[in-house]
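Q: Could you take a close look at one part for me, the way one chain sits against its partners? I'd like a connected walk through it.

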Amino acid sequence: MSGEQLTRRGFLKLTAMSAVAILAASCAQPTAAPAQPTTAPAQPTAAPAKPTDTPVPVAKYNEAPMLAELVKAGKLPPVEERLPKEPLVLPVVEEIGQYGGTWRRAHIGPADVPNSNVRLYRESLVHFSADGSSFEPNVFTKWEVSDEGKTFTFHMREGIKWSDGVPATADDLYFAYEDVYLNKEITPNVPGWLNFGGQPGVMEKIDDFTIRLKFVKPYALFLLILAGGILITPKHYLQLFHAKYADKAKLDADTKAAGLETWNQYFGAKNNTSDNPDLPSWHTWVTKSRNADQRHLMERNPYYWKVDPAGNQLPYIDYIAHDLVGGVDIVMTKCIAGEIDMQGRHLAFANIPLLKENEQKGGYRLIIWTSTTGVNWQVMFNMSYEADPVKAKYIREKKFRQAFSHAIDREDFSRIHFLGRAKPRQATVIDQSADFRPEFATRYVDYDIDKANKMLDELGLDKRDAEGYRIAPENNKTLELINYVSAGHAIYAELITEYVKKVGLKVVTKEEERSIHYNRMTANELELSMWGMDGAIYPSWLNYAYWIVPWVRGSVRIGPAIGQYRDTGGKEGMAPYGEVAKALELFDQALAEVDRDKQIALASQVLDIASENVWTCGICQTTDAPWVVKNNFRNVPETAINDTTFLTEKNTHPEQYFMRQ
Amino acid sequence: MLKYIARRVLLMIPTLFLVSVISFVIIQLPPGDYLTSVVAAMATTGDIMTQDRLDTLKAEYGLDQPVYVQYGKWMWNIVSRGHFGWSWHWNRPVTEMIADRLAITVILSLVTMVFTWVVALPIGVYSATHQYSKLDYLFTSISFVGLATPGFLLALVLIWISVAYFSQNVAGLFSPEFVDAPWSMARIVDMLKHIWVPVVILGTSGTAGLIRTMRGNLLDELHKPYVTTARAKGLEERRLLWKYPVRVAVNPFVSTIGWSLAGLFSGSTIVAVVLGLPTVGPLLLTALLAQDMYMAGSILFIISFLTVIGTLISDILLAWVDPRIRLEGER
Amino acid sequence: MANPAPQPPTPSQSAQQAEGQAAAGEEKIHTASQWQLMWWKFRRHRMAIAGGIFIAIMYFVAALCEFLAPYPLDKRFAKFNAAPPQPIRFVDAEGRFHLRPFVYALREYSDPVTWRLTYQDDTTKMAPIYLFVRRDGYKFWGRWAGNLHLFGVKGEQETLFLLGTDNLGRDLYSRILYGARISLSIGLVGVLISLAIGAVLGGISGYYGGITDTILQRTIELLRSIPTIPLWMALSAALPPGLPPQQTYFGITVILSIIGWTGLARVTRGKVLALREEDFVMAARIGGTSELRIIVRHLLPSFLSHLIVTVTLSIPGMILGETSLSFLGLGLRPPVTSWGVLLQDAQNIVAIAHTPWKLLPALFVIATVFAFNFLGDGLRDAADPYAR
């Protein structure tokens, strides 16, 4: 994909339709968002379906043969009764599809299934646009933001039905909010997204299809949160397992019978979309078999509320089957054996040559999508490390980190691990991000041993030991830092050790099983550590700032104790200091800023400080992510943005994928 | 003999108790808990779990209670109701998960075991009776290759060769269309098409070991005076061989054959993982790595139970195969 | 004291079996010690001799790897990562014969469609191979500086990759030689510890029986039930990160072998249970021999052949132990180099498909296992008191 094109396009979209733009626009125009999405989905290049081609609304609807049979047998009401008054009409990527087929995929363990599936079926209240920069109507057809960004009014699509045929209304949203998220037994701690500004937002039901949410502070990222897929709970089913509604004695007995101890555990087991086949949902496909089964099967939702321009009820594909395999390598061999219809998960950049060579054999085409990968690998300095004061002194020294960055041979790293196709880059958002400035990506990335040596000498590390490693003057011992990595990542760390050895820095790799590694992180024991940087795009990085600032405790390798300090309101952990504090302050301002331009400016400032301080030292970047797509598997865009938060593939609309018979 | 068996069965109770305590403690030795591993696993694929959700789950799973409370509850449920607890990782009762995989585990292990013995015993006997013959060297060499190649590497190479040259995916036990099909003739045929790969890989090193040991032990026996005596008395060679020296030579296997019961569950786990076999071994490995403690604890408990039973069976067999052995051990 | 029955063959037996032997030879056999007899028998086992010689060579290589390898352990050719083996040639592309062997230089090729990086022979550039080349310096045994290599190419930019390179562009052949040093030492220590504990405790358990047996057997059951994976995980988390990986692995090997003796102990016990009822044991006992002496002197040799087989069988497990453990981020890790570590590079489908030479360390493992096992066979046959 041409990055330039995307940038321009992304920019247009961003200015037109970001969360904040909608917010601003909605003050002037009551209907900021139309009932049908007027934007073509997911392809920055050729877009065959122009919005004007979309006939609205269709008089006669068609349905899948498997559903027509059920209707004939009297087991299902006719399609017109199943669809809402105004079904969402989805433009097609290539052509009107054919019904039928089982979409075969592979997963590597039970925990993998929900994360893989959710990106295929989930219908959030609002939908990310294809490039993630804006939001499209989905379950909510329109929304208004008022009160300087503190109050949100949402209008639900009327007539959406749960997969068991029961209508979905504002009551379901209210139940999710009041009885699940605000229930102390189910959710002991109020989630951060809901607790915005330190106090839970208040939900109010206006009518059957309208709700209003009020927060104490302007909430610039709320639509982003909604698009992430919250507040989806069928009340009529789940209330049977909720202590407030259900018969206590029966609930207790059922809990015991299931082998669980408390009703909230039982509720949790029932409220699990990908593991409880009985749980109704409004998603594209519904769960047919459980995670623990060898094959996890999902079946079309007969009440799905989207149609194609010809009035065919979506999805086209009948089933999605995830088969358990032994590991990521087997996912690839299955692709080559032609046993996978469409999948990108667990296929890595390094697999591209082999997958490409075997396209014909496997009967697939390899599609390269663009990941929101800021850098593929980075070395992170734990800014709250304090176990050894001498080490801590240098880890926290800006010049030390900059010198470290200059000592890394990025071209070599790219050649070894990315076929030479990754570009040297400092850790920051991707080029296409609205808050990106070129200098963020280029600071201290030159491979310059002399400069690095000079900078380290200037810091007082000018004495060397017998092996040529630098000695810390504070304790007259060799300065030795430990680079913690998760199992399997030592091959990356090994190179870093080699590079910095050339400037006399001793870095030892410690490779550990990943849960041990993770535990060390939350315990603030990391000195250096390595990871990749995904989700690096505005605005979603603001909600996923792990690599930029130590905003919370979990997953933050650049200062977990500082994150902890923020999480606990200053009771535990380490107070932010110096430029970390400055960056965090600006970051908090950005989170609260409802004006889009101002928010971007603030975000840029945070990125500026972060890249200048190199607490996350980026190595190189390639955004190419491979997807294997069978030749008869159509309507998959050739280009797309791949990101966890945007739920790729969902942002390319899997409901309109089809398999040519 | 009966008295001996009764005593051993009684002894099993304290042994099992001790074993269960030790395994439960060891499972919890690594830092972190199930939730840490979940978050870490999610992080590797770029998926996110918020701290809020984490706190919620922690309380839900009872991970905030002390170890002995967790152990006590778990043990009590096993003893009183036969409930092995809840697997968080699979979101299912442990018993259900193990039961699901038991059939395939047992089939696979038995087939492997039969394969091993059927191949190894005759070859071992042949190698011993035809020491230093050409075939002896050939069998010896093949078994050494099997012995020296790590099983999972062999598995990967086989998988690649079959995909690259035969466009066949041999990983797993079933073709996609039979994965969740009910048992039928076609499904059995499909399984047989796949099962030879794990059987050969799993069986290779075992077979090699068995051939070597068999050859060695039999050679020991063949030159003993009693063989010469029997031969002198005109006993037919084949009959003589299988009736006496072979019987004595299998003694070392009998000593540990009981453990192959336990091996059914835990043997060759990494190969099973690579091949994606739906057996109990990978279940245990995942449970241990994910610190899914009731699942891990239960499988380990079952394995130790089988080990203890297996040892007993071995001891009884030992006495049966070799009547000179007096198990009571009183002199 | 009476010699126990199964010790050196009785003259009559030997005489029967040693047909065609000269009378002088027979005389020698009669008076030879047990060890001499074993040596004579061992000498006749050609494969065992060959195995023994191979092992001696491998240890020699391990000892002198700095000199024998064309490149030092960590010498990287950044532009030649994952390069294929360069065959040694005498005949060039035009068909001319050269007395001095040479290799063609490698030329990089990046496939525009598949993005795959490969290398081709550059027939315009020849690199002649010389004996006793002075180039890249090393520290022999970590002490003495040197730069002499048995063979190699002379130019700084010239390469000689007999077995290709690894992912980082390091000569695989050199690394295999260096890897022998670790692979042929640490694992064997574990084998020996397991052997010692297993044989002694198994022997005691079988010989004494009764309460001793019960306690030992229950202990074995207990040990066998201990799950090793969480134990490893806990150990790896508890060990200080700065500890050299060799020491870490050595420590863990020792711990494993302390747990791992149980199988051998069971087998030994079974054998001893049977043997202790034999007449020669009874005879020794009546003769007033001490119990320890009966076990070590009379019982142990009777199942020595089985012990030898068991030990040789466990060697591959010990050499390759770390490959399995690397799944957990345990075991040996770079910069320490062993054959198992080298094989870690080959543990994925892409490597097997595109760079199959990374599997070559496995050949060395197989050869070593062959050698050890043939040696073991020879020893076994020699230790067999009845065989001739």
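A: Let's start with the yardstick: two residues are in contact if their C-beta atoms, placed from the backbone, lie within 7 Å. By that rule, 23 residues of chain C are in contact with 27 residues of chain A. On the chain C side of this interface, α9 and α16 each supply at least two residues (helices here are DSSP runs of H or I with at least four residues, strands are runs of E with at least two, and both are numbered from the N terminus). The most comes from α16(C), with four residues. By class, the side of chain C that touches chain A has 13 nonpolar, eight polar and two charged residues; Ala, Val, Leu, Ile, Met, Phe, Trp, Tyr, Cys and Pro count as nonpolar, Asp, Glu, Lys and Arg as charged, and the others, Gly among them, as polar.

Bear in mind that this is a predicted model, where local features need pLDDT of at least 70 and side-chain atom pairs count only at pLDDT 80 or more, while totals for chains, interfaces and linings use all residues. Residues are numbered from 1 along each chain as its sequence is written, with chains lettered from A and ligands numbered from 1 in the order in which they are written.

Now turn to chain B: 51 residues of chain C are in contact with 51 residues of chain B. Helices that each give at least two residues to that side of chain C include α8 (210-225), α9 (228-238), α14 (304-325) and α17 (360-383). Its class make-up is 28 nonpolar, twelve polar and eleven charged residues. So what do the two sides share? Both α9 and α16 of chain C supply at least two residues to the side touching chain A, and α9 (228-238) and α16 (349-354) each do so for the side touching chain B.
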